[in-house]
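I opened a fresh notebook page for a structure that was new to me. Here is what I looked up, in the order I went.

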Amino acid sequence: MEINKLNDLSDIFQSKLRLMIISALMTGKKTFKEIKVLTNATDGNISVQITNMEKAGFVMVTKTYMGKKPQTIIEITEYGKIQFKNYIDTLNAILNGS
């Protein structure tokens, strides 16, 4: 295993919750409620992690209304997709010893 490849890994994916969220978003945008169900995390923890990923440019957050109820929709950005794929490729390279 080449240790230098570990430096290529984005810090954004070093949190289990952020990794769960970004993985779920790879299949399409999700509501806050859907992410809560998928991750079983608290509202506050999800909020903090989504904010961190939004600041880093990995996700885009849209606030809308469904009838009279507010709804938060989270979507992975193209940059986020590229970074996540690079993360997976780097892990595969480490595992394969290349």
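My entries below go from the overall layout to single residues.

**Entry 1: the layout**

I noted at the start that this is a predicted model. I then looked up the helices and strands and found five helices and three strands in the chain. Going along the sequence, I wrote down the pattern α-α-β-α-α-β-β-α. The chain has 98 residues, and 35% of them count as buried. I also looked at contacts between residues at least 6 apart in sequence, and 54% of these join residues at least 24 apart.

**Entry 2: the sheet**

In which order do the three strands of the sheet stand? I found the order 1-3-2 in an open sheet, with antiparallel pairing. Strand 1 (30-31) and strand 2 (59-66) each have a single partner strand and stand at the edges, so one side of each has no neighbour in the sheet.

Next I went through the pairs. Strand 1 runs antiparallel to strand 3 (residues 69-76), and two bridges join them. On this side, I saw Thr31 standing opposite Ile73 in strand 3.

How many bridges join strand 2 to strand 3? I found eight, again with the strands running antiparallel. Here Thr62 has Ile73 in strand 3 as its bridge partner. I was pleased to meet Ile73 on both sides: it faces Thr31, and it is also paired with Thr62.

I then looked at the link between these two strands. Strand 2 and strand 3 form a hairpin, and two residues lie between them. In the turn, Gly67 has a positive phi of about 70°.

**Entry 3: Met60 in strand 2**

I picked Met60, which is found in strand 2, for a closer look. Is Met60 buried or exposed, or something in between? Met60 is partly exposed, because its relative accessible area is 42%, which lies between the 20% and 50% limits.

I also looked across to Ile76. Met60 and Ile76 are 16 residues apart in sequence, and their C-alpha atoms are 6.2 Å apart in space. Setting aside neighbours within four places in sequence, I listed Ile73, Ile74, Glu75 and Thr77 as the contacts of Met60. So Ile73 turned up once more in my notes, this time in contact with Met60.

**Entry 4: two helices that cross**

Two packed helices are described by the angle between their axes and the distance between the axes. I looked up both for helix 2 (residues 16-25) and helix 4 (residues 43-55): the axes come within 10 Å and cross at roughly 70°. The two helices are therefore roughly perpendicular to each other.

Which residues meet there? From helix 2, I wrote down Leu17, Arg18, Ile21 and Ile22. They meet Asn45, Ile46, Gln49, Ile50, Asn52 and Met53 in helix 4. Sorted by kind, the residues of this contact are six nonpolar, three polar and one charged.

I stayed with Gln49, which has its place in helix 4. Gln49 is buried, because its relative accessible area is 11%, under the 20% limit. Leaving aside neighbours within four places in sequence, I found Gln49 in contact with Ser15, Leu17, Arg18 and Ile21.

**Entry 5: charged pairs**

Side chains of opposite charge can pair when their charged atoms come close. How many salt bridges does the structure hold? I found two.

One joins the side chains of Asp43 and Lys36, at 2.8 Å from N to O. Asp43 is partly exposed at 40% relative accessible area, and Lys36 is also partly exposed, at 35%.

The other joins the side chains of Glu78 and Lys81, at 3.4 Å from N to O. Both residues lie in helix 5 (residues 78-95), three residues apart, which is about one turn of the helix. Glu78 counts as exposed at 54% relative accessibility, whereas Lys81 is partly exposed at 27%.

**Entry 6: a positive phi**

Most residues other than glycine have a negative phi. I therefore made a note of Asn40, whose phi is positive, near 60°. Where is Asn40? I found Asn40 in the loop between helix 3 (32-39) and helix 4. Asn40 counts as exposed, because its relative accessibility is 72%, over the 50% limit.

How values were computed
Residues are numbered from 1 along each chain as its sequence is written. This is a predicted model: local features need pLDDT of at least 70, side-chain atom pairs count only at pLDDT 80 or more; totals for chains, interfaces and linings use all residues. Side-chain values use heavy atoms; hydrogens and water are left out. A salt bridge is a side-chain nitrogen of Lys or Arg within 4 Å of a carboxyl oxygen of Asp or Glu. Buried means under 20% relative accessible area, exposed over 50%, partly exposed in between (1.4 Å probe, protein chains only). Helices (H or I, at least four residues) and strands (E, at least two) are DSSP runs, numbered from the N terminus. Two strands pair if DSSP finds at least two bridges between them. Axes are lines fitted to C-alpha atoms, for helices over the stretch in contact, and angles run from 0 to 180 degrees between N-to-C directions. Angles under 35 degrees count as roughly parallel, over 145 as roughly antiparallel, 65 to 115 as roughly perpendicular and the rest as oblique. Contact means heavy atoms within 4.5 Å. Ala, Val, Leu, Ile, Met, Phe, Trp, Tyr, Cys and Pro count as nonpolar, Asp, Glu, Lys and Arg as charged, and the others, Gly among them, as polar.
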